[in-house]
Amino acid sequence: MGHEKLEIILRNITLEDAKEVAELERKCFPKTEAADLKAFIDRIGAYGNHFLCAEYEGKIVGLVDGLVTDDKDLKDEMYEDVSFHNENGCWQMIFGVETDPDFQGKGIASQVLERFIEIAREENRKGLVLTCKEKLISFYQRFGFKNEGISGSKHGGVSWYQMRLSFFL
C-alpha cells in the first residue's frame, strides 16, 4: 500500500512567493502558531536561501524553512527576530515543515525534508534542530532526528518537543 508520489519541483523561494507561502502556513498551522505575510517577507529577505519549497503544477504545495545560527537550541524569539540568522552558523533551524492539506500523504514533506537535510550537510552544518508536537516525533525520527524532550518553547501556547539531527557526534 504505497503512497501516490507526485512529480514535484524542489526550489528556493523568492519574495514573489511570500503571499503564497503565508497562505500555505495559514492552511497548515493554527492561527496562534502561523507566521503572517510580514514575517515571511522579513524572513525571505534575511535568509530566503534557507527556504525550500515543493512546487506542483505551478503551485507551492510544500515548504521547509528556518534560519541558521550558532545557538544550539531553537528559541521562540527566533521566529520573530531575523537578526538571530548567521549565514555561517553551525545549526540549521527548521521553523516549519508543511504540506498543503490537499496534497498530504503523497510524500511531499519527506522529499522536501530529505533535500533540506542534504543541503545542510553540503553546507557543513553540525546538523538541524526543530520543535514538533508529540504526534510528529516518530515522523522526524525516520529521518534520524533524536527527541531531546520537551523544549522551552511556548510558541502558540502548546507543548513542543525539540528534535535534533546531528551530523558529527
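Helices, counted as H or I runs of at least four residues, and strands, counted as E runs of at least two, are DSSP runs numbered from the N terminus. In this predicted model, helix H4 supplies five residues to the lining of the largest pocket, the largest share. The points below treat that pocket, the open sheet on which H4 packs, and strand S7, whose six residues are all buried.

**Largest pocket**

- The largest pocket holds about 1000 Å³ of space.
- Its lining comprises 45 residues, and those closest to the pocket centre are Phe29, Val97, Glu98, Leu136 and Tyr140.
- By class, the lining consists of 19 nonpolar, ten polar and 16 charged residues.
- At least two lining residues come from each of H1, H2 (37-47), H3 (77-80), S6, H4, S7 (127-132) and H5 (137-141).

**Open sheet S1-S2-S3-S6**

- Four strands, ordered S1-S2-S3-S6, make up an open sheet with antiparallel pairing.
- The edges are occupied by S1 (9-12) and S6 (96-99); each has a single partner strand, so one side of each is left without a neighbour in the sheet.
- On average, neighbouring strands of this sheet are turned by 25° against each other, direction ignored.
- S3 (residues 59-65) and S6 run antiparallel and are joined by four bridges.
- Leucine 63 has glutamate 98 as its bridge partner in S6.

**Helices on the sheet**

- Helix H1 (residues 18-28) lies across S3 and S6, at about 80° to S3.
- Helix H4 (residues 108-122) packs on the sheet and touches S1, S2 (51-56), S3 and S6.
- The direction of H4 makes about 45° with that of S3.

**Strand S7 and its partners**

- Six of the six residues of S7 are buried, so this strand is largely enclosed by the rest of the structure.
- Both faces of S7 are covered, with Gly127, Val129 and Thr131 buried on one side and Leu128, Leu130 and Cys132 buried on the other.
- S5 (residues 91-94) runs parallel to S7, and four bridges join the two strands; methionine 93 has valine 129 as its bridge partner in S7.
- S7 and S9 run antiparallel and are joined by six bridges; glycine 127 has serine 166 as its bridge partner in S9.

**Glutamine 162**

- Glutamine 162 lies in S9 (residues 161-166).
- Its relative accessible area is 7%, and residues under 20% count as buried, so glutamine 162 is buried.
- Leaving aside residues up to four places away in sequence, glutamine 162 touches residues including Val129, Leu130 and Thr131, as well as Lys72, Asp73 and Leu74.

Technical notes: Residues are numbered from 1 along each chain as its sequence is written. This is a predicted model: local features need pLDDT of at least 70, side-chain atom pairs count only at pLDDT 80 or more; totals for chains, interfaces and linings use all residues. Side-chain values use heavy atoms; hydrogens and water are left out. Two strands pair if DSSP finds at least two bridges between them. Axes are lines fitted to C-alpha atoms, for helices over the stretch in contact, and angles run from 0 to 180 degrees between N-to-C directions. Contact means heavy atoms within 4.5 Å. On a 1 Å grid over the protein atoms alone, a cavity is a set of points where a 1.4 Å probe fits but cannot get out, and a pocket is an open set with protein on both sides within 12 Å along at least five of seven lines; lining residues have an atom within 4 Å of a point. Grid points are joined across faces, edges and corners, and a volume is the space filled by probe spheres set on the points. Ala, Val, Leu, Ile, Met, Phe, Trp, Tyr, Cys and Pro count as nonpolar, Asp, Glu, Lys and Arg as charged, and the others, Gly among them, as polar. Buried means under 20% relative accessible area, exposed over 50%, partly exposed in between (1.4 Å probe, protein chains only).
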